[in-house]
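User: Could you walk me through the fold at the level of strands, helices and pockets? I will ask one thing at a time.

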Amino acid sequence: MCGIVGYIGKNARAYDVLIDGLKRLEYRGYDSAGVCLVGEHVTKTFRSVGKVAALEEKIGESDACAKAGIAHTRWATHGKPCMKNAHPHSSGKIHLVHNGIIENYQQLKDELTQKGYRFTSDTDSEVVAHLIAEENTTADFEEAVYNALSRIRGAYALVICHEDEPEKMIAVRNSSPLVLGIAEDAYILASDASAIVQHTNRVIYLDDGELVIVTPEKHKITNLRGKTKRKKEHALEWTEDEAQKEGHEHFMHKEIHEQPRAVEDAVRGRMMIDEGLARLGGLREVEDRLRAMKRIVIVSCGTSYCAGLVGEYMLEEYAGIPTEVEYASEFRYRKPLIDDCTAVIAISQSGETADTLAAIREAKNKGGLTLGIVNAVGSTIARETDAGVYNHAGPEIGVASTKAFTSQLAILALLTVYLGRQRNMSMTMGRRILTELKRIPQKIQHLCDDEKKYQRIAQKYAKYNSMFYLGRKYNFPIAMEGALKIKEIAYIHAEGYASGEMKHGPIALIDKNFPSVIIAPKDSVYDKTLSAIEEVIARSGRVIAITTKGTKEVERIADDVIYIPKTVEMLTPLLSVVPLQFLGYYAGVEKGYDVDKPRNLAKSVTVE
Ligand code: G6P
């Protein structure tokens, strides 16, 4: 997974647009960066290891006058993150950037090596450059690209240019995202719209198997055999401002604070409180099919997986539908049993996670009804599922997911009411859940107002090497999510566990150097969770408790106490997760880490 950008226009703005685009796509990977500027008489390539800022320093001002160019920010798959593996890759006059994996690269590499092509990198991407160059010996640029594509297998978004044709650029998509932006005087190609939105709001989302030929004046979209296709233009809803930090030190901080609004946007226009009904327009077409569903399988990864676990508890308890949650990466390979009475729901912020996409495709093949809970509008998962609900949380840039998570939970609550009311849920229960859901944004705001307290606690515990995060029932998944946050951002080894399971082994780890964050709101399992706190304290473990006001027992025994407002049990995760996000964030800040771009991680994982 990587970020790619291409620019071709009437004015010499290629450099600025490409570098700015790369910065906005850095969340997709930042192992190395590179740019190729294509001029009428000279083509120059610059590459550097690490983040885009390093590349920028290297180029300087003198080369900033091309009208076309391509650029890349890398998340390594084939070949180490080093200079020689940085994109763009070239072969003679062909230059390209690639996001994805070429599965048959080794076979092609052997063949091309025999023909005398010299490989300078360990990447699979370089094979494509040589293959096009080879085809170009007997065919023109366009023909050469079509011919080369017919020989490669795998996932790719490619932007390709030719030194002899600086006024033409070819881009193609197969299983890796690619968007075409149409500005007044230029075209911009990018892995996602965040690199385009500041130049134009007119976009075309390319689908798999589509290729676009662009010149400064026009574009033509074809399939991989050259047959012209008509595509609809879309208007982007995200504004440029939304993609900026707006005074916050980090995107993650900004996005935690955006949660009241994100939840509000997720439920806006979707609650008919008086009738106790949820209105989900994206599901209208499959409403009757949903009525007949006997089982739900949720597939997702990372933070979205934790949201799925909360969804399982909600859907079984209140909608009465047997529900399972699976890591998308496991689902596909273990021959899951899916039939036409099973709804398979993909939860994905980016809508591009390769594992989740593969799981959805598998479910579709097996005849399941596929649904998406997706934040990125127009993303592949959103387009490939039979129906779905958008989060409307706006762009999430920080690698660690925060506002997308709470908006996913809000949508799962709406879905529970929607499906529950199709079945046995009473109007009173529907009304009760929706009334409480409406109050959640304000309650999240109260939590955000207590930020200083979480900061102090994070500073106190940031020095520990290991921690437990414990919770029961609805807050077990939140224990997992809290642990994931502090792992991702502060590199602290943290285990998210069901508090009742702790006594079956993990408790052996507890001592004064192994603190536990225990989520213990006053809910139906409060007494049981209290026992877990006692067990930890009896073994000299320190406890940070997340609880609701009035739980005197917790106050008495815990080392640090964080309060969350009261709500119905199934919605407590929307509140309890907020202090945990802050704990992860401030522990990372305390340790001096780049919290928006944690090591080894990427925001959108478009490889399996
Ligand atoms: C990556 C990110 C996580 C995210 C996961 C799933 O691993 O680092 O923050 O939760 O992908 O992403 P998705 O876009 O499918 O929700």
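The questions below go through sheets, helix contacts, a pocket and two backbone details.

Analyst: Glad to help! This is a predicted model, in which local features need pLDDT of at least 70 and side-chain atom pairs count only at pLDDT 80 or more, while totals for chains, interfaces and linings use all residues. Residues are numbered from 1 along each chain as its sequence is written, and side-chain values use heavy atoms, leaving out hydrogens and water.

User: In what order do the eight strands of the open sheet stand?

Analyst: Helices (H or I, at least four residues) and strands (E, at least two) are DSSP runs numbered from the N terminus, and two strands pair if DSSP finds at least two bridges between them. The pairing in this sheet is antiparallel. Strand S3 (43-49) and strand S14 (234-235) are its edge strands, each pairing on one side only. From edge to edge, the order is S3-S2-S4-S1-S10-S9-S11-S14.

User: Which residue in S3 stands opposite Ala33?

Analyst: Strand S2 (residues 32-38) runs antiparallel to S3, and seven bridges join the two. Opposite Ala33, the residue in S3 is Ser48.

User: What angle does the direction of helix H1 make with that of S1?

Analyst: Helix H1 (residues 14-25) packs on this sheet, touching strand S1 (2-9), S2, strand S4 (68-74) and strand S10 (186-190). Touching here is contact, meaning heavy atoms within 4.5 Å. Axes are lines fitted to C-alpha atoms, for helices over the stretch in contact, and angles run from 0 to 180 degrees between N-to-C directions. The angle of H1 with S1 is about 160°.

User: Which strands does helix H2 touch?

Analyst: Helix H2 (residues 52-59) also packs on the sheet, and its direction makes about 135° with that of S3. The strands that H2 touches are S2, S3 and S4.

User: Where do the edges of the five-strand sheet lie?

Analyst: This open sheet is parallel and has the order S23-S22-S24-S25-S26. Each edge strand has a single partner, so one side of each is left without a neighbour in the sheet. The edges are strand S23 (493-498) and strand S26 (560-564).

User: What is the bridge partner of Ile546 in S26?

Analyst: Strand S25 (residues 543-548) and S26 pair in the parallel sense over five bridges. In S26, Ile546 has as its bridge partner Ile562.

User: Are H9 and H16 roughly parallel or antiparallel to each other?

Analyst: The axes of H9 and H16 come within 8 Å and cross at roughly 170°. Angles under 35 degrees count as roughly parallel, over 145 as roughly antiparallel, 65 to 115 as roughly perpendicular and the rest as oblique. H9 and H16 are therefore roughly antiparallel.

User: How do the residues of the contact of H9 with H16 divide by class?

Analyst: H9 brings residues including Tyr305, Leu309 and Tyr313, and H16 brings residues including Phe476, Met480 and Leu484. Ala, Val, Leu, Ile, Met, Phe, Trp, Tyr, Cys and Pro count as nonpolar, Asp, Glu, Lys and Arg as charged, and the others, Gly among them, as polar. The contact divides into 10 nonpolar, two polar and two charged.

User: What volume does the largest pocket have?

Analyst: On a 1 Å grid over the protein atoms alone, a pocket is an open set of points where a 1.4 Å probe fits, with protein on both sides within 12 Å along at least five of seven lines, and lining residues have an atom within 4 Å of a point. Grid points are joined across faces, edges and corners, and a volume is the space filled by probe spheres set on the points. Of the 30 lining residues, the closest to the centre are Cys301, Gly302, Thr303, Leu484 and Glu488. The volume is about 620 Å³.

User: Which peptide bond is cis?

Analyst: Most peptide bonds are trans. Pro88 lies in the loop between S4 and strand S5 (89-91). With omega near 0°, the cis bond runs from His87 to Pro88.

User: What is the phi of His392 near?

Analyst: His392 sits in the loop between strand S21 (387-390) and H13. The phi of this non-glycine residue is positive, near 60°.
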